[in-house]
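Welcome! Please take a moment with the sequence and the structure shown here, and then read on for a guided tour.

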Amino acid sequence: MSLRVRPVEHADFPAWLPLWDGYNAFYGRVNETALPLAITQTTWNRFLDPAEQVFGLVAEVDGEIAGLAHYLFHRSTNRIELTCYLQDLFTAPTLRGRGIGRALIEAVYDRASAAGIRRVYWHTQPSNADARVLYDEVAQHVGFIVYSHDA
């Protein structure tokens, strides 16, 4: 198996979209609760805009896109340097367990490090047991509970 992680390119959209839709479906954003197309298109355009601090990576397995990672750099009140938030991570269900998720996380680590960033963090659902096995190997669970409010 040939595995390569790289930044998204404009031509990747048709192969990226089913993974994005799968990621969103996993978190309950499907059918009547699906993200509006405008959000998907804006998100995609941000990845391609060099002025944005939102980035997209894809993992290719044997030349086919099999995973995605989206991350962003932001300021923090408890660090001088920027922090990296790994916002989305998803691999094709049929290809899980082959190191794709790990390769995507490590690629985010590498890009953060190249930008002078030492902290990469992300959230997941407590029930995401399969992914948490990997996460426990590559990072430390710090025990936070996440709250959110949409106005």
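## A helix across the sheet

Let's begin with helix α3, which covers residues 100–114. Helix α3 lies across β1, β2, β3, β4 and β5, and runs at about 160° to β4. Please keep in mind that this is a predicted model.

One residue to look for in helix α3 is arginine 111. Which residues does arginine 111 contact, leaving aside neighbours within four places in sequence? They are Val5, Arg6, Pro7, Leu57, Tyr71 and Phe73. Arginine 111 has a relative accessible area of 27%, and is therefore partly exposed. Its C-alpha atom is separated by 9.9 Å from that of phenylalanine 55, although the two residues are 56 residues apart along the chain.

## The sheet itself

Strands of a sheet pair through backbone hydrogen bonds, and the pairing can be parallel or antiparallel. Here, five strands make up an open sheet with mixed pairing, and their order is β1-β2-β3-β4-β5. At the edges are β1 (3–7) and β5 (120–121), each of which pairs on one side only.

Start at the β1 edge and step inward. β1 and strand β2 (residues 54–61) run antiparallel and are joined by five bridges. Within this pairing, valine 5 stands opposite alanine 59 in β2, and arginine 6 stands opposite valine 58 in β2. How much of β2 is buried? Six of its eight residues are, so the strand is mostly covered.

On the next step, β2 pairs with β3 over eight bridges, again in the antiparallel sense. Valine 61 has glutamate 64 in β3 as its bridge partner. Together, β2 and β3 form a hairpin, with two residues between them.

## A buried threonine in β4

Further along the sheet, strand β4 holds threonine 83. Is threonine 83 buried or exposed? Its relative accessibility is 4%, so threonine 83 counts as buried.

Not counting residues up to four places away in sequence, threonine 83 touches Leu72, Phe73, His74, Ser76, Ile117, Arg119 and Tyr121. Phe73 may look familiar, as it is also one of the contacts of arginine 111.

## Helices α1 and α2

Another helix meets the sheet too: α1 lies across β2, β3 (64–74) and β4 (83–91), and runs at about 70° to β3.

Two packed helices are described by the angle between their axes and the distance between the axes. For helix α1 (residues 13–26) and helix α2 (residues 37–48), the axes come within 12 Å and cross at roughly 125°. The two helices are therefore oblique to each other, and the crossing of α1 and α2 is right-handed.

Which residues meet where α1 and α2 touch? From α1 come Phe13, Trp16, Leu17 and Trp20, and from α2 come Thr40, Gln41, Trp44 and Phe47. By class, this contact has six nonpolar residues, two polar ones and no charged ones.

## Helices α3 and α4

Now return to α3 and look at its partner, helix α4 (residues 129–138). The axes of α3 and α4 come within 11 Å and cross at roughly 40°, which makes α3 oblique to α4. The crossing of α3 and α4 is right-handed.

In this pair, Gly101, Arg102, Ile105 and Tyr109 of α3 meet Leu134, Tyr135, Glu137 and Val138 of α4. The contact of α3 with α4 divides into five nonpolar, one polar and two charged residues.

## Two loop residues with positive phi

Most residues other than glycine have a negative phi. Two loop residues are worth finding with that in mind.

Asparagine 31 sits in the loop between α1 and α2. Its phi is near 55°, a positive value in a residue other than glycine. With a relative accessibility of 63%, asparagine 31 counts as exposed.

Where is aspartate 62? Aspartate 62 lies in the loop between β2 and β3, in the turn of the hairpin they form. Phi of aspartate 62 is near 50°, which is again positive in a residue other than glycine. Aspartate 62 has a relative accessibility of 54%, and so it counts as exposed.

Definitions and conventions:
Residues are numbered from 1 along each chain as its sequence is written. This is a predicted model: local features need pLDDT of at least 70, side-chain atom pairs count only at pLDDT 80 or more; totals for chains, interfaces and linings use all residues. Side-chain values use heavy atoms; hydrogens and water are left out. Axes are lines fitted to C-alpha atoms, for helices over the stretch in contact, and angles run from 0 to 180 degrees between N-to-C directions. Helices (H or I, at least four residues) and strands (E, at least two) are DSSP runs, numbered from the N terminus. Angles under 35 degrees count as roughly parallel, over 145 as roughly antiparallel, 65 to 115 as roughly perpendicular and the rest as oblique. A crossing is left-handed if the near helix is turned anticlockwise from the far one by less than a right angle, and right-handed if clockwise. Contact means heavy atoms within 4.5 Å. Ala, Val, Leu, Ile, Met, Phe, Trp, Tyr, Cys and Pro count as nonpolar, Asp, Glu, Lys and Arg as charged, and the others, Gly among them, as polar. Two strands pair if DSSP finds at least two bridges between them. Buried means under 20% relative accessible area, exposed over 50%, partly exposed in between (1.4 Å probe, protein chains only).
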